[in-house]
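Colleague: I am new to this structure and should be grateful for a guided introduction. May we proceed by question and answer?

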Amino acid sequence: MTTADETAEWPDRTRLPIPPYQKVGRIARTIAESDPIDWPQEVEAPEGAPNILLVMTDDVGFGACDVFGGPIPTPVYGRLAEQGLRYNRFHTTALCAPSRAALITGRNHHVAATGIISEFSTPFPGYHSIMSKSVGSIGEILGANGYGTAWFGKNHNVPDWLTTPAGPFNLWPMGLGFDYFYGFLGADAHQFRPAIYEGTVPIDPYLGREKDYHLDADLADHAISWIHTQKSVSPNKPFLAYYAPGTAHAPHHAPKEWVEKFAGQFDHGWDEQRRRTFERQKEMGVIPPDAVLNPTPESYRRWDDLDDDMKRVCARQMECYAAAIAHCDYQVGRVIDALEEMGQLQNTLVIYIQGDNGSSAEDPTGHGFTSEIGVLGNGVVDREDYMVENIDEFGGMWLQNHFSHGWAHAMNSPYQWDKKIASHLGGTRTSMVVAWPERIVSGGGLRSQFTHITDIVPTILEAAGLPMPVTINGIEQLPLNGASLSSTFDDEAAEEHHTTQYFEVIANQGIYHDGWMANTAPKRLPWVGMGPTTADPFADYEWELYDLRKDFTQSKNLAGEHPEKLEELKQLFLNEAKRNQVLPLDDRYIERVRPENRPQHNVGRSSFAYYPGTKRITEAMAPDMKNTSYRITATVTIPPGGAEGMLVAQGGWFAGNAFYILNGRPTYSYAKSHYPEHKYTIRAPETLTPGPHTLVVDFTYDGGAPGSGGTAIILVDGIEVASGRIDQTVPVIVSGTETLDIGEDSGTPVVRDYDVPFRFTGQLHKVVIDLLKGK
């Protein structure tokens, strides 16, 4: 409690949290002898401080949306652009979690310990993914200054080994200063069966709504409900709503009726689309008249190389991607409409970023894929005949579809390269619209100052009339790396404040300074996960030089003409790398996921006991049943009349295993992938009698290369009742989104013999998983 005797000026917004203020006069033995006193005064936001709606989509390139010349209609994005401003030189880090860390902290991603996604983190200070409390989030700052704060959608800033229901929760949204969280943790979500948390409580919001549920609509519902509550209870209290849908990261899921709207619209292919987008961008003026369309790298697949069947499949993939973005934009529009209906839009600063990085070209074949876990994680090779036969399943819940790298490159028009390639604009430059009707009065403008994702926090703070705090909870704060964009709100020719910015992801290096850009040429294509690596990427990579003042699209390499300038900028990059925790440079990618390179949280533990109600155990914290023998033991009591349901499940349709009782018979199902030849089921011939039973699955691994097969035996009360071969197993990863659950299954089923949640109807006492390494 701060009293009048302790400070003459309250509140001190440089040191958070701000204690309540109370003026205390004479306090005597009796009330009659004491001075009158008011209730303690809680801190409030500065008078007139705006609401903040911060929207950022996922994997959407500069040339995807019609507002910036692309083929995908985004009328809400366009409506805000007409009311506000378009930014055509806005930059991200080129990768998901790093961009998100920079967005909410205002610091460079390595400063926020997020030089890579947490699943690939390393122990070095810039890469371990454990964000320090010295880089307080915008949620902490605004919340401590009288704002209501909420986060909806994606949070990819919790290390994967901390995403468990047992915590710790200090890096979850509510540990980062947000009052409310409704969304998912990790890189992506199944849009029809997502693993959602409300606060820190796991929920399955699709249950009872399986036929029409979609996550993007659900996020909008919850955002609108939360805003309604905020303004109903405290109408003068401003809010921060951070709205981060997982769209359009794979899987590219959209309601079927939205996919059908785009039927036939992409039959011309990605090479023609890239050209069309470039011409439209020039016509619209979002790129200069002298801008150059960069040629597509020779290593990228050409549309005309596909046969007619695969052209149909690839066109369908793009229809799904377009539908996902258009549908997502519609849901953002519902939030905007709600604000307008409430009379709140006028004083709401809306920052709408299309893409945390460029579109993803992580497809290795050139014809897209049907499962990111299968293809990218476990080496499954998509069969073209399967893709053709299942063309109508694209966009739906039984595929994790991702489009061809050719489509990604078209969505990143007119730039070189794509997501992950931080050295080039196709990876880093996305589009942004800022609208604030009360403040930005001349709408429809275009701003071409160099801007960066770290500029968002300082922009919000200036809009709210708040300083950057010196300390939060007693911890001294590191300085912001970004600069406010507010000077551009009124002045098209405003001075550029962000004059120097380094870039680095997976040793793709770049440095922008006063209009010049020096950067390395990528040694690894966007879809290549492993090798080759180099000992010293700074010295060993080829460097390029561009004058972006005259070359908007980074198309003319001037390294040979200005070697002295290149050397100057290379040294500047090295200085910035040292200052921002970028070193050591590391061009490993999938190699970082190997067990010997990851945190080990179950060292020495080979037996895992679980009890009913335990769910959402992530793979990083679950028993590792890959490439080893194991035993699953469940003790149950079957009631008179029988029972069925799940005993234990890990993963789901795209990879996983499940031990359950179906029609009274113990059953074990295993999936290396979603392909029918990768599904295995072993089932006891007889139903269980009422009473207590010990049920066991004993899996003996053949040994050999990762992903080899084995034999599974089901035992009931110590007696073998069924056995069968599992010829192929999961070699690397079960799931990035689906988890280990006890007594039920969530998300997608491992096989379609049952559906989630398939809760066990008998009495489940305990499940024990024993890892039998070396057996």
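Modeller: Certainly; let us begin with one pair of strands. In this predicted model, strand β18 (residues 508–513) and strand β19 (residues 516–520) run antiparallel and are joined by four bridges.

Colleague: Which residue in β19 is the bridge partner of G510?

Modeller: The pairing of β18 with β19 is antiparallel. Within β19, the residue that partners G510 is N519.

Colleague: Which strands stand at the edges of the open sheet of four strands?

Modeller: The order of this open sheet is β17-β18-β19-β20, with antiparallel pairing. Each edge strand has a single partner, so one side of it is left without a neighbour in the sheet. The edge strands are β17 (500–505) and β20 (543–547).

Colleague: At about what angle to β18 does helix α14 run?

Modeller: Helix α14 comprises residues 563–579. It lies across β17, β18, β19 and β20. Its direction relative to β18 is about 105°.

Colleague: Which residue stands opposite F181 of β7?

Modeller: Strand β7 (residues 180–185) is mostly covered, with six of its six residues buried. Strand β6 (residues 148–155) runs parallel to β7, and six bridges join the two. The residue opposite F181 is W151.

Colleague: Which helix gives the most to the largest nonpolar core?

Modeller: The largest nonpolar core has 88 residues, and M318 is among those with the most contacts inside it. M318 touches residues including I72, F266 and W407. The helix that gives the most to this core, with 17 residues, is α7 (residues 308–341).

Technical notes: Residues numbered from 1 in each chain as written. Predicted model: local features only at pLDDT ≥ 70, side-chain atom pairs only at ≥ 80, totals over all residues. Heavy atoms only, no water. Core = buried A, V, L, I, M, F, W, Y, C linked by side-chain atoms within 4.5 Å. Buried < 20%, exposed > 50% of the residue type's maximum accessible area, 1.4 Å probe, protein only. Contact = heavy atoms within 4.5 Å. Pairing = 2+ DSSP bridges. Axes fitted to C-alpha atoms, helices over the stretch in contact; angles between N-to-C directions. Lists of a residue's contacts leave out its neighbours within four places in sequence.
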